[in-house]
Amino acid sequence: MIFVNRSLALEKIKCFGFDMDYTLAMYKSPDYEELAFALLLEHLVSIGYPHEILAYKYDPTFPTRGLVFDALYGNLLKVDSHGNLLVCAHGFRFLKGAEILHYYPNKFIQRDDMKRFHILNTLFNLTEAHLYACLVDFFTNCSRYVNCDTGYKHGNLFMSFRSMFQDVREAMDSVHLSGCLKEKTLENLEKYVVKDPRVPLLLSRMKEVGKVFLATNSDYNYTDAIMSYLFDFSDGHKAETPQRPWRSYFDLIVVDTRKPLFFAEGTVLRQVNTDTGKLRIGTYTGPLQHCAVYSGGSSDVVCDLLGVKGKDILYMGDHIFGDILKSKKRQGWRTFLVVPELARELQVWTEKSELFEELRSLDLFLAELYQHLDSGSSERPDISSIKRRIQKVTHEMDMCYGKMGSLFRCGSRQTLFANQLMRYADLYAASFINFLYYPFSYLFRAPPVLMAHESTVEHGRLDAGEAGTTLAPWLAQHGHPGQQVGGRGPRSRRAEESQHQQPDASGVLCPLSPPTPSQVAGVCRDSSGEEEDDGEA
């Protein structure tokens, strides 16, 4: 299923854009993270960190995206969109009450202090977040080091959490830029990269109705190896389309984009020699060439080469900042965020529904205690037991997702990541492949979000008879939504082919029939206040 934050008429999209890593190319978790984590540890040991840290193993149940690392105190924080603390961990120890107040007297952080607070928003950051916890855990419990508020002391040496952060960031850069992670990945693609025969099918259908481009930060040689693997089904995998070169699925291919710089001034656009992988000298100024590959450039260059603008483009990526926020704010592109964690989130949401219902009931019960009291009342209801129960239920809910809880919420409070997703991603899903089960004439419709006063005070409701009378003229003119109207074109045939199919166990690449507009409305949110084209005249 695809979820909607802002209405989008798919038939008005003239161009589909893709990131590669964690979008077209999904890496297998936790295998890929375990590989990256081991390489990071090896790099830290090579620059002088104790060999004992090599004993740590990546734990996929601990980190989640959207955490904030405090480079002053070494804590991993989970916050809401305003900077209010939801969860605080020092190493693998979760802080409570007085301990949190010691570091954060107001249980609040200034998120705009970018030198101190660092947001770990990407899927690549999962290993980084876990590594911070491992290092803090090691030095805190190692008898050779003296614990201080802002770091550790060993003889005449002092290692601050800020220097630890810098070492880990340099290790991340080294592992990614040196090519060692890429080399290990390419040595065993089957172990680390998800291969799905529906990818070529969806891209070929998209190319029938619009233009398709690829914009990735990866270099050409790595991109070519990954994409060749994804589109090669000569090894026995059953492909839905005839075998052809991967570059033929795209009208434009841009590597080395250096996002988010790509969405601002960008860099020099150069052409790639696809035989050698080397760049041709000089800035490319010519027209778009079929199956050519370019390096650098900017989002403005993409629009010029493809002859499209702003809202003509639907761009799909996994990076809330580098892919979604910047393309939305600086270019006005329509956006689709890939959230692989959504499969697990939805599983818990449905399987543990009784916990969510209990939390809602406790909130209602709390409100009822004060219902008949006003400013003249001297009575003070005892709500201590209810507050304790709310805390217990919230903790139970969080533990269902993992040690750091849900990606989107902590109890009834939404996380910073959830707020950014609602604000900048027009659409989101566990995988872009879900587009395969929607016709290209589909209208993703989002109703407006209700403000607190609108959701609290109900409108008068029509009874069933009155509602039917009100809708009768519209139904007489347009026909019932379930009736076949007009001819049976290729798009409607494709949509019918996918009916009655259910999502698989993972929910990540799930065949699913397009929901009706009323079903879509049930899961939609329109949070930004922007006016987006909803298909109306």
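This is a guided tour of a predicted model, given as a series of selections to make in the viewer.

**Whole chain**

Start with the chain coloured by secondary structure. It holds 18 helices and 21 strands. Of the 537 residues, 49% are buried. Among contacts with a separation of 6 or more, 74% are between residues 24 or more positions apart.

**The cores**

Select Phe 18, Phe 250, Phe 336, Phe 432, Phe 435 and Phe 444. These residues have the most contacts inside the largest nonpolar core, which has 100 residues. Now add helix α3, residues 125–141: this helix supplies ten residues, the largest share of that core.

Next, centre on Phe 336 and show its neighbours, leaving out residues up to four places away in sequence. Phe 336 then touches Ile 2, a run of residues made up of Leu 314, Tyr 315, Met 316 and Gly 317, and also Ile 324. The rest of its contacts are Leu 427, Tyr 428, Ala 429, Ser 431, Phe 432 and Phe 435.

For the second core, which is separate and has 19 residues, select Phe 213, Ala 215, Leu 305 and Val 308, which are included in it.

**Helix α10 and the residue after it**

Select residues 320–331, helix α10. Is this helix enclosed or open? Nine of its twelve residues are buried, so α10 is largely enclosed by the rest of the structure. The buried residues are Ile 320, Gly 322, Asp 323, Ile 324, Leu 325, Lys 326, Ser 327, Lys 328 and Gln 331; charged side chains such as Asp 323, Lys 326 and Lys 328 are on that list. To see what covers them, display α9 (299–306), β16 (313–317), β17 (334–338) and α14 (416–424), which are included in the cover. Then step just past the helix to Gly 332, where phi is positive, at about 75°.

**Helix α11**

Move to residues 342–351, helix α11. Its buried residues are Leu 342, Ala 343, Glu 345 and Val 348. Show β1 (3–4), α12 (353–369), α13 (384–401) and β20 (427–429) to see what the buried residues of α11 pack against.

**Helices α1 and α4**

Select helix α1 (residues 31–46) with helix α4 (residues 161–177). Their axes come within 9 Å and cross at roughly 120°. That angle makes α1 oblique to α4. The crossing is right-handed. On the α1 side, pick Leu 39, Leu 40, His 43 and Leu 44. On the α4 side, the residues they meet are Asp 167, Val 168, Glu 170, Ala 171, Met 172, Ser 174 and Val 175. By class, this contact has seven nonpolar, two polar and two charged residues.

Before leaving α1, look at the loop between β3 (15–18) and α1, where Pro 30 is found. Ser 29 and Pro 30 are joined by a cis peptide bond, with omega of about 5°.

**Helices α5 and α8**

Select helix α5 (residues 180–187) and helix α8 (residues 220–231). How do these two helices run relative to each other? Their axes come within 11 Å and cross at roughly 25°. Angles under 35 degrees count as roughly parallel, and α5 and α8 are therefore roughly parallel to each other. The crossing is left-handed. Lys 182, Thr 185 and Leu 186 of α5 make the contact with Tyr 222, Ala 225 and Ile 226 of α8. These residues divide into four nonpolar, one polar and one charged.

Stay on Thr 185, which is in helix α5. Is Thr 185 buried or exposed? Its relative accessible area is 0%, so Thr 185 is buried. Beyond four places in sequence, Thr 185 touches Tyr 27, Tyr 32, Leu 35, Tyr 192, Val 193 and Tyr 222.

**Backbone details in two loops**

Go to the loop between β13 (252–255) and β14 (270–271), which holds Pro 260. The peptide bond from Lys 259 to Pro 260 is cis, with omega near 10°. Arg 258 is also in the loop between β13 and β14. Phi of Arg 258 is positive, near 60°, although Arg 258 is not glycine. Arg 258 is exposed, with a relative accessible area of 53%.

The last stop is Cys 291, in the loop between β14 and β15 (293–295). Cys 291 is not a glycine either, and has a positive phi of about 65°.

Technical notes:
Residues numbered from 1 in each chain as written. Predicted model: local features only at pLDDT ≥ 70, side-chain atom pairs only at ≥ 80, totals over all residues. Heavy atoms only, no water. Axes fitted to C-alpha atoms, helices over the stretch in contact; angles between N-to-C directions. Helix = DSSP H or I, 4+ residues; strand = E, 2+ residues; numbered from the N terminus. Parallel < 35°, antiparallel > 145°, perpendicular 65-115°, else oblique. Left-handed = near helix turned anticlockwise from the far one by under 90°. Contact = heavy atoms within 4.5 Å. Core = buried A, V, L, I, M, F, W, Y, C linked by side-chain atoms within 4.5 Å. Buried < 20%, exposed > 50% of the residue type's maximum accessible area, 1.4 Å probe, protein only.
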